[in-house]
Amino acid sequence: MQLIYQSNNLFDAHLVKHALEDAGIPAFVFGESLLGAGGELPLFGLLRVCVPDSATPEAEDIVAALGLDDGPADPILDDDEAPGFLPA
């Protein structure tokens with residue numbers, strides 16, 4: 001098994017998994033059952049999407065085509081037109 005995508009949220013992990021399965025590549029999401037745990041577990045990097053070794057090149061192309069990492073690094077932009085907090 002090869003790691004093909006690491007996600008911080010369950011939605012992206014399953015989006016990748018379903019895109020790979022639609023292309024006929026078996027994919028597995030590891031770490032899904034650890035999301036509700038706390039304490040000694042890290043907060044990020046638990047979700048990993050893995051594929052068989054032979055499907056790695058094709059799977060990398062499919063994940064790249066999804067463009068999940070193309071968005072802005074910070075979802076809050078300084079040039080936002082929203083007025084912010086208004087006095088009561």
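I began with terms: helices are DSSP runs of H or I with at least four residues, numbered from the N terminus. By that rule I placed Thr 56 in helix α2. I note here that the model is predicted.

**Entry: overall layout**

I counted the elements next. The protein has 2 helices and 3 strands. Along the sequence I read the order as β-α-β-β-α. I then looked up burial and found that 25% of the 88 residues are buried. For contacts with a separation of 6 or more, I noted that 67% join residues 24 or more positions apart. The exposed surface came to about 6500 Å². Carbon and sulfur atoms supply 57% of that area.

**Entry: the core**

I went to the largest nonpolar core, which has 16 residues. The residues with the most contacts inside this core are Ile 4, Leu 20, Ile 25, Val 49 and Val 51. I checked which elements feed this core: β1, α1 (10–22), β3 (47–51) and α2 (56–66) each give at least two residues. The largest share, 4 residues, is from α1. I set a general remark beside this: in soluble globular proteins, nonpolar side chains tend to be buried together.

I picked Val 51 and listed its contacts, skipping neighbours within four places in sequence. Val 51 touches Met 1, Gln 2, Ile 4, Leu 20, Ile 25, Pro 26, Ala 27, Thr 56 and Ala 59.

**Entry: Thr 56**

Thr 56 turned up in that list, and I followed it. Is Thr 56 buried or exposed? Thr 56 counts as buried because its relative accessibility is 13%, and the cut-off for buried is under 20%. With neighbours within four places left aside, I found Thr 56 in contact with Gln 2, Ile 4 and Val 51.

**Entry: Ser 7**

I moved to strand β1 (residues 2–7), where Ser 7 sits. Ser 7 has a relative accessible area of 3%, so I logged this residue as buried. What does the side chain of Ser 7 lie 2.7 Å from? I found that a polar atom of this side chain is 2.7 Å from the backbone oxygen of Asn 9.

**Entry: Arg 48 and strand β2**

Arg 48 belongs to strand β3. I logged Arg 48 as partly exposed, since its relative accessible area is 32%. Leaving aside neighbours within four places in sequence, I found Arg 48 in contact with Leu 3, Tyr 5, Gln 6, Phe 28, Val 29 and Phe 30. I also looked up one C-alpha pair. Arg 48 and Val 29 are 19 residues apart along the chain, and their C-alpha atoms are separated by 5.6 Å.

Phe 28 led me to strand β2 (residues 28–30), where this residue is placed. At 39% relative accessibility, I counted Phe 28 as partly exposed. Which residues join Phe 28 in a nonpolar surface patch? Met 1 and Phe 30 do, and I noted the patch area as about 290 Å².

**Entry: the salt bridge**

I searched for salt bridges and the structure holds 1. The side chains of Lys 17 and Glu 21 form it, with 2.9 Å from N to O. Why are Lys 17 and Glu 21 about one helical turn apart? I put it down to sequence spacing, because the two are 4 residues apart in helix α1. I then compared burial for the pair. Lys 17 is buried at 17% relative accessibility, whereas Glu 21 is partly exposed at 34%.

Notes:
Residues are numbered from 1 along each chain as its sequence is written. This is a predicted model: local features need pLDDT of at least 70, side-chain atom pairs count only at pLDDT 80 or more; totals for chains, interfaces and linings use all residues. Side-chain values use heavy atoms; hydrogens and water are left out. Buried means under 20% relative accessible area, exposed over 50%, partly exposed in between (1.4 Å probe, protein chains only). Contact means heavy atoms within 4.5 Å. Accessible areas come from the Shrake-Rupley method with a 1.4 Å probe; for residues, only the protein chains shown count as cover. A polar contact is a pair of N or O atoms within 3.5 Å; within protein, one must be able to donate a hydrogen and the other to accept it, and residues adjacent in sequence count only if both atoms are side-chain atoms. A nonpolar core is a set of buried Ala, Val, Leu, Ile, Met, Phe, Trp, Tyr and Cys residues joined through side-chain atoms within 4.5 Å. Patches are made of residues with over 30% relative accessible area and no salt bridge: like charges are joined within 9 Å, nonpolar side chains (Val, Leu, Ile, Met, Phe, Trp, Tyr) within 5 Å. A salt bridge is a side-chain nitrogen of Lys or Arg within 4 Å of a carboxyl oxygen of Asp or Glu.
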